[in-house]
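Subject: Handover of a structure and its findings

Dear colleague,

Please find below the structure that I am handing over to you. The findings follow directly after it.

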Amino acid sequence: MIRLPGAARQQTPGWPEYLADRAERVRQPLLRDYFAAGCPDPATPIGEVPMAALDIETTGLDPRRHAIVSVGVVPFTLARIPLRERRYWVLKPARELTEQSVTLHRITHAEVENAPDLAEVLPELLEVLKGRVTVVHYRQIERPFLDSGIQARLGEGLRFPVIDTMSLEARLHRQSLWARFRRWLGRPPVSIRLHNSRERYGLPAYQGHHALVDALATAELLQAQVASRYSPQTPVGELWS
């Protein structure tokens, strides 16, 4: 079920129904093709689901005021990560890069000067994502920024199901009885940032804030989460939002 607040939550369709409905209503052929590809039934075991880890680096945190500067995508399954299928784009943001952004992402003014606009890479990006369940670490970046960016260019937005590896960590380290007990004792909350989450599973440290590297790191984290705390038989509908 698509997560919406309050009473509306019970009346919204599931993701397969939502995508099928959008495929019938959307005007843009590019988006119609994406929606028509659909997504797995929520009961499908996660071990059988094709996925794509997605990371977007931006000039800030507000999609109304900031822009996408790079995108990394790594298609994968629980069994393997075929790196030859990876995709990475540096994009020209609609707004000037800030000094803070350059320091954080190490993408310079010279790199973006002749970089393509998001509109130019959308056909390839959506081709990689369609039919797969998107996996991110903190869905409040990737989904809103893509929706806003596509809305600005095509006049229609893009909503899609995601498995959020940060939310999976939050279920254990922020929302569980154990986490509440830690708070009662006055202990600081456990970090659920990508680097710290990977560290708990014994995964190697990668250089952060690079869209392709973070996409790979997110794919590996989900594999470790399922192996440690779930099962390949876990229904995908229990993991996505």
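A residue is called buried here if its relative accessible area is under 20%, exposed if that area is over 50%, and partly exposed in between. By this rule both Trp15 and Tyr18 are buried. Please bear in mind throughout that the model is a predicted one.

Overall architecture

The chain contains 10 helices and five strands. Of its 241 residues, 48% are buried. Among the contacts with a separation of 6 or more, 67% join residues that stand 24 or more positions apart.

Aromatic pairs

Two rings pair if their centres lie within 6.5 Å, and planes over 60 degrees apart make the pair edge-to-face. The count by this rule is two aromatic pairs. In one of them, the ring centres of Trp15 and Tyr18 are 5.4 Å apart and the planes stand at 85°, so this pair is edge-to-face. The pair formed by Tyr34 and Phe35 is edge-to-face as well, with 5.6 Å from centre to centre and 75° between the planes. Trp15 and Tyr18 both belong to helix 1, where three residues, about one turn of the helix, separate them. Tyr34 and Phe35 are both buried.

Helix 1 and helix 2

Two packed helices are described by the angle between their axes and the distance between the axes. Helix 1 covers residues 15–25 and helix 2 covers residues 29–37; they pack at an angle of about 150°, and their axes are 8 Å apart. That angle makes helix 1 roughly antiparallel to helix 2. The crossing in which helix 1 passes helix 2 is left-handed.

Which residues meet where helix 1 packs against helix 2? Helix 1 contributes Leu19, Arg22 and Ala23, while helix 2 contributes Arg32, Phe35 and Ala36. By type, the residues of this contact divide into four nonpolar and two charged, with no polar ones. Phe35 thus appears in the contact with helix 1 and also in the aromatic pair with Tyr34.

Helix 2 and helix 5

Helix 2 has a further contact, with helix 5 (residues 118–129); the two axes come within 9 Å and cross at roughly 10°. Helix 2 and helix 5 are therefore roughly parallel to each other. On the side of helix 2, the residues involved are Leu30, Leu31, Asp33 and Tyr34, and these meet Leu122, Pro123, Leu126, Glu127 and Leu129 in helix 5. The residues of this contact comprise seven nonpolar, no polar and two charged. Tyr34, the partner of Phe35 in the aromatic pair, is one of the helix 2 residues that meet helix 5.

Residues with positive phi

Most residues other than glycine have a negative phi. Against that background, two residues deserve a note. Tyr138 has a phi near 90°, a positive value in a residue other than glycine. Tyr138 sits in the loop between strand 4 (133–136) and helix 6 (139–154), and its relative accessible area of 36% makes it partly exposed. His209 has a positive phi too, near 65°, and is likewise a residue other than glycine. The loop that holds His209 runs between helix 9 (194–200) and helix 10 (211–229). With a relative accessibility of 31%, His209 counts as partly exposed.

Two isoleucines and their surroundings

Is Ile141 buried or exposed? At 11% relative accessibility, Ile141 counts as buried. Ile141 lies in helix 6. In sequence, Ile141 and Thr58 are 83 residues apart, yet their C-alpha atoms are 8.5 Å apart in space. Leaving out residues up to four places away in sequence, Ile141 touches Ile56, Thr58 and Leu61.

Ile81 is placed in the loop between strand 2 (68–76) and strand 3 (87–90). Its relative accessible area is 22%, which makes Ile81 partly exposed. Ile81 and Ala53 are 28 residues apart in sequence, and the distance between their C-alpha atoms is 10.0 Å. Neighbours within four places in sequence aside, Ile81 is in contact with Val74, Pro75 and Phe76, and also with Leu216, Ala219, Glu220 and Gln223.

With kind regards

Definitions and conventions
Residues are numbered from 1 along each chain as its sequence is written. This is a predicted model: local features need pLDDT of at least 70, side-chain atom pairs count only at pLDDT 80 or more; totals for chains, interfaces and linings use all residues. Side-chain values use heavy atoms; hydrogens and water are left out. Axes are lines fitted to C-alpha atoms, for helices over the stretch in contact, and angles run from 0 to 180 degrees between N-to-C directions. Helices (H or I, at least four residues) and strands (E, at least two) are DSSP runs, numbered from the N terminus. Angles under 35 degrees count as roughly parallel, over 145 as roughly antiparallel, 65 to 115 as roughly perpendicular and the rest as oblique. A crossing is left-handed if the near helix is turned anticlockwise from the far one by less than a right angle, and right-handed if clockwise. Contact means heavy atoms within 4.5 Å. Ala, Val, Leu, Ile, Met, Phe, Trp, Tyr, Cys and Pro count as nonpolar, Asp, Glu, Lys and Arg as charged, and the others, Gly among them, as polar. Rings of Phe, Tyr and Trp (its six-membered ring) pair if their centres lie within 6.5 Å; planes under 30 degrees apart count as stacked, over 60 as edge-to-face and the rest as tilted. Buried means under 20% relative accessible area, exposed over 50%, partly exposed in between (1.4 Å probe, protein chains only).
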